[in-house]
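Please take me through this structure one selection at a time, saying what to pick in the viewer and what is found there.

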Amino acid sequence: MSATSTAAKHRAQPLSRAEKARLSEGKRAERRLGWLLCAPAAIVMVAVTAYPILYSVWLSLQRYDLKFPDDREFVGLSNYVTVLGNQYWWTAFGVTMLITVVTVVVELVLGMALALVMHRTLVGRGIVRTSALIPYGIVTVVAAFSWRYAWTPGTGYLANLFSDSAPLTERASSLAIIMLAEIWKTTPFMALLLMAGLALVPEDLLKAAAMDGATAWQRFTKVMLPVMKPAILVALLFRTLDAFRVFDNIYVLTAGANETSSVSMLAYNNLIKGLNLGIGSTMSVLIFLTVAIIAFVFVKLFGTAAPGSSEEGRR
Amino acid sequence: MADIVLDKVGKQYPDGTVAVRDVDLEIADGEFVILVGPSGCGKSTLLNMIAGLEDISSGELRIGGERMNEKAPRDRDIAMVFQSYALYPNMTVRENMAFPLRLAKLDKATIDEKVAEAAKVLELTELLERKPANLSGGQRQRVAMGRAIVRSPKAFLMDEPLSNLDAKLRVQMRTVVSRLQKRLGTTTVYVTHDQTEAMTLGDRVVVLRAGVVQQVGDPQTLYDHPANLFVAGFIGSPAMNFLSARALDGALRTALGDVPIGDRLRGMLERGEAPQEMILGVRPEHFEDAALVDEAARAKGREFEAPVELVESMGSDKYVYLTVEGERASSAELEELAADAGAADLPAGGANLVTRLSAESRVREGGPYKVWFNLEKIHLFDPSDGRNITLHEGRAAGIS
């Protein structure tokens, strides 16, 4: 094709300007086609994500309570001052952070152990992998209800193990149960992501380390983990973002009682239950910002690459 | 430094497959031994068993006189170079080479000194701070070697270390490996499927087939006195020519004409020690342009005429492909060799002869041409078990 085009160029030397115009016209058409092909996806993205985000930012700048619709007024950043100066917000923020850090760390350790087991299993590989994934396949709300029944005094099999206690009525034990439910549910997902990372570690590398004198633990920490690092970071990023938005388990297990609300729970209470669109939107925007900061830290500071991008698993 | 002794070492997998059968081998201290054979012959399994990466099912492995069967790889004090190099991607060249020393808990000054020394030997000094991803294939290969030599182990194990290099670099690295081994004088076991590498590198070569040792010897012995059809066909490039031969009325009927039988072979035939149907093997360089053979030499061989199919001039000599009448020799060994060479489905009927003639030969493609071959250098094999009938006390005695 290039041969023919250069031949044409030689022939039409005096017409080069016209040809240039024609070429650039062709290029423009190509660019237009490119835009057109992207447009449907871009429009959908804008409609379902950009618009709600921008709208909630707009709402967060107003005093807007559906119980007093007449008092709607643009108030600038005063909603943010209200929320950030409020102890409920900071309690919920602390609870959310605690849940995020504890669950992600425990999930990483358990998930890694599970991934190693699944990776090394020789017999019944399919069954082991499928059964390990069952908790992740159960709807969170359903699982949360079964945890709640299990911990209900009198009828629950877990509550009966600890006589005369109602763990979901105390703050510390409630949080522990919420975290337990979270960990139980998402460890398989973590394991799945980590197993994909384990597949990236060449067998020869581990053999070489064994020959070089590394113990099993040294092979794991000095060879396997560094090679798996991209996969581990992706798994951590996904789980951290997920964990920070924890909602269903808390909603079902404690409904936020005894200061067990997460920020999502608090935003829901203000926005949907309290009908305070201004304050609720402000909280949503703050959650959005926190999630964005977490993602930024992971991507820029730890060098996490998006799964499937060229950086990940290249070697 | 130490010797390595394999005493009836075998490997059987749980599903019953036997990968290695009763290998007896004594590798002397400082010796360079090559394990060679087609893919799936068990050579890598044998190496992994010496390394400790695979369990030994039967027999005993001794390194430096000490039983090693139950010892973990890290306790055997041997280093291994892998085909994939197996460099740690997250570490620099320096860290890669220092890794075994760091695990051995040497102090930093000693580590630095040893790494610098190994880097100098392998010309890696400039590359010490680079990551493996930024190295060429040859450089990575040298780093892998460096990681093996820094700890001065009792022995080196090399699993096809040059297979991933391009042809030219492979020849270069071959001399590097050879020189390094001579210089360090460390016992080395080297696995390859390339018979050229086996011939050029090793003090001794072990030819394996289906987990069984076929022959052990120095390269020249394997070449001149192959114990069986498999070794004869595997060692040498281009490979030995094989033709069917039949003993009849005191002569051997072959596609190259009748060949007289000597007393020893006649005796064997009479005693039933040799079958009537045999396989004749002649190496390409034991043919010569009949016009270039002087009178004295002519008596030692025979002449025959055959159509010339193709002439390849290599400068130093000419490869001439001849078509001869008659059946192609067939046996299990030959089929396996052909499959390994990827030539299993060549057209049947007639036999192709590869000959290596002097460069002065005026041979032309197309017409028939007179070619002489040396009777003293031919081999006869038993098609049923592949053994070399012409072998007398370990030496090929021709058909005298």
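What share of the contacts in chain A with a separation of 6 or more comes from residues 24 or more positions apart? The answer is 68%, where two residues are in contact if their C-beta atoms, placed from the backbone, lie within 7 Å.

Before selecting anything else, note that this is a predicted model, in which local features need pLDDT of at least 70 and side-chain atom pairs count only at pLDDT 80 or more, while totals for chains, interfaces and linings use all residues. Residues are numbered from 1 along each chain as its sequence is written, and chains are lettered from A and ligands numbered from 1 in the order in which they are written.

**Chain A.** Colour chain A by secondary structure, and 12 helices and 2 strands appear; helices (H or I, at least four residues) and strands (E, at least two) are DSSP runs, numbered from the N terminus. Read from the N terminus, two helices come before the two strands, and helices follow from there on. Of the 315 residues in this chain, 30% are buried, a term for residues with 20 or more other C-beta atoms within 10 Å of their own, C-beta atoms being placed from the backbone.

**Two helices of chain A.** Next select residues 87-120, helix α4 of chain A, together with residues 263-273, helix α11 of chain A, whose axes come within 8 Å and cross at roughly 140 degrees. These axes are lines fitted to C-alpha atoms over the stretch in contact, with angles running from 0 to 180 degrees between N-to-C directions. Show the side chains of Tyr88(A), Trp89(A), Ala92(A), Phe93(A) and Thr96(A) in α4(A), which meet Val263(A), Met265(A) and Leu266(A) in α11(A).

**Where the chains meet.** Now display both chains: the contact takes 17 residues from chain B and 15 residues from chain A. On the chain B side, β6 (78-81) and α2 (93-103) each give two or more residues, and α2(B) gives the most, with 3 residues.

**A strand in chain B.** Finally, select residues 32-36, strand β3 of chain B, where 5 of 5 residues are buried. Phe32(B), Ile34(B) and Val36(B) point one way from β3(B), whereas Val33(B) and Leu35(B) point the other way. Add residues 187-192, strand β8 of chain B, which pairs with β3(B) in the parallel sense over 5 bridges; strands pair if DSSP finds at least two bridges between them. Here Val36(B) stands opposite Thr192(B). Then add residues 204-209, strand β9 of chain B, joined to β3(B) by 4 bridges and running parallel with β3(B), with Val206(B) as the bridge partner of Leu35(B).

Key:
Buried ≥ 20, exposed ≤ 12 C-beta atoms within 10 Å, placed from the backbone.
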